[in-house]
Amino acid sequence: MSDTSRFPDVMLLAAGLGSRLRPITDTLPKPLVPVAGVPLIERVMDNAKAEGAKRFTANGHYRADQLLAHFGGLLKLSREEALLDTGGGVKQALPMLVSDPFVVMNTDAFWPLGSDQPIARMLARYTGPEDIVLLCVHPRDAHGFARSHDFCLAPDGRITRDYGAPVIYGGVAILGKALFADTPDGAFSLNLLFERCLERETLFGVVLDAPWFHVGDPAALALAESALAAPTAP
């Protein structure tokens, strides 16, 4: 960033249909689904605000008006007439983002507020426009997640396909605008950019030191609410 004293913009991925959370999402966009009384998107924003985030942009498609109404105009919204997937959604919103690099956050995964501040470590690991830094979660700390792992994390902090500790992508990434220069128009996944960085060995990871909750279906929602309500919850 040109001004290191300012926390980067945060791009919130909030356009999905939330089909696996039906019937709750029949009337609510997934980011507004409450977890122990607090909407998912607010839990994610609180994680970022705890580290200094002040500027938020979200993409919206399904029931986007409810997102706007909920935040009363305090959240910039990039509307998608057709779903653009994660990469296409971020690309459309680039003109709304001031900082470079910026933070991308999924709105269906969070860690208990105050349990860790990983974004500062991610920003420290970011060295230039060819990099992407991902939040990584050890499988033992992941709740509501079905796959065994997404990547491996080598001892030097590089993400690989098969060398190092198995880790899950925690839904937070630091990346710059230049990476979108040679990307498709329309819908595409951020995985395209992750794979490109993986090939040139500029994909890095920082490990979350806290429990991580992915809320993708009613069972995962119930698990997260039970854990947050437990007296021994972090």
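## A pocket and its lining

The lining of the largest pocket is a mix: 15 of its residues are nonpolar, 13 are polar and 8 are charged. Keep in mind as you look at it that this is a predicted model. The pocket itself has a volume of about 840 Å³. Of the 36 residues that line this pocket, Leu-13, Asp-85, Thr-86, Asn-106 and Asp-108 are the closest to its centre.

Which helices and strands each supply at least two residues of the lining? They are helix H3 (85–93), strand E12 (165–175), helix H5 (191–199) and strand E14. How can empty space in a model be found at all? Rolling a probe the size of a water molecule over the atoms shows where such space is left.

## A sheet of three strands

Strand E14 also belongs to an open sheet of 3 strands, with the order E7-E14-E9 and mixed pairing. Why is one side of E7 and of E9 left without a neighbour in the sheet? Strand E7 (109–110) and strand E9 (142–143) stand at the edges and have a single partner strand each, so one side of each stays free of a neighbour there.

Now follow E9 to its partner. Strands E9 and E14 (residues 212–214) run parallel and are joined by 2 bridges. In this pairing, His-143 stands opposite Phe-213 of E14. Helix H6 (residues 218–229) packs on the sheet and touches E7, E9 and E14. The direction of H6 makes about 150° with that of E14.

## Aromatic partners

A pair of aromatic rings is described by the distance of the centres and the angle of the planes. In this model the count comes to 4 aromatic pairs. One of them is formed by Phe-145 and Trp-212. The centres of these two rings are 5.8 Å apart and their planes are at 65°; planes over 60 degrees apart count as edge-to-face, so this pair is edge-to-face.

Where do the two partners sit in the chain? Phe-145 is in the loop between E9 and strand E10 (151–153), while Trp-212 is in strand E14. The pair links distant parts of the chain, as the two residues are 67 residues apart.

## Unusual spots in the backbone

Two cis peptide bonds are worth finding in the model. One joins Arg-22 and Pro-23, with omega about 10°, and Pro-23 is found in the loop between strand E1 (10–13) and strand E2 (34–35). Another runs from Asp-100 to Pro-101, with omega near 15°; Pro-101 lies in the loop between H3 and strand E6 (102–106).

Finally, look at Ala-36, in the loop between E2 and strand E3 (38–39). Ala-36 is not a glycine, yet its phi is positive, at about 50°.

Note on methods:
Residues numbered from 1 in each chain as written. Predicted model: local features only at pLDDT ≥ 70, side-chain atom pairs only at ≥ 80, totals over all residues. Heavy atoms only, no water. Pairing = 2+ DSSP bridges. Helix = DSSP H or I, 4+ residues; strand = E, 2+ residues; numbered from the N terminus. Contact = heavy atoms within 4.5 Å. Axes fitted to C-alpha atoms, helices over the stretch in contact; angles between N-to-C directions. 1 Å grid on protein atoms, 1.4 Å probe; cavity = no way out; pocket = protein on both sides within 12 Å on 5 of 7 lines; lining within 4 Å. Points joined across faces, edges and corners; volume = space filled by probe spheres on them. Nonpolar A, V, L, I, M, F, W, Y, C, P; charged D, E, K, R; others polar. Phe/Tyr/Trp six-rings, centres within 6.5 Å; stacked < 30°, edge-to-face > 60°.
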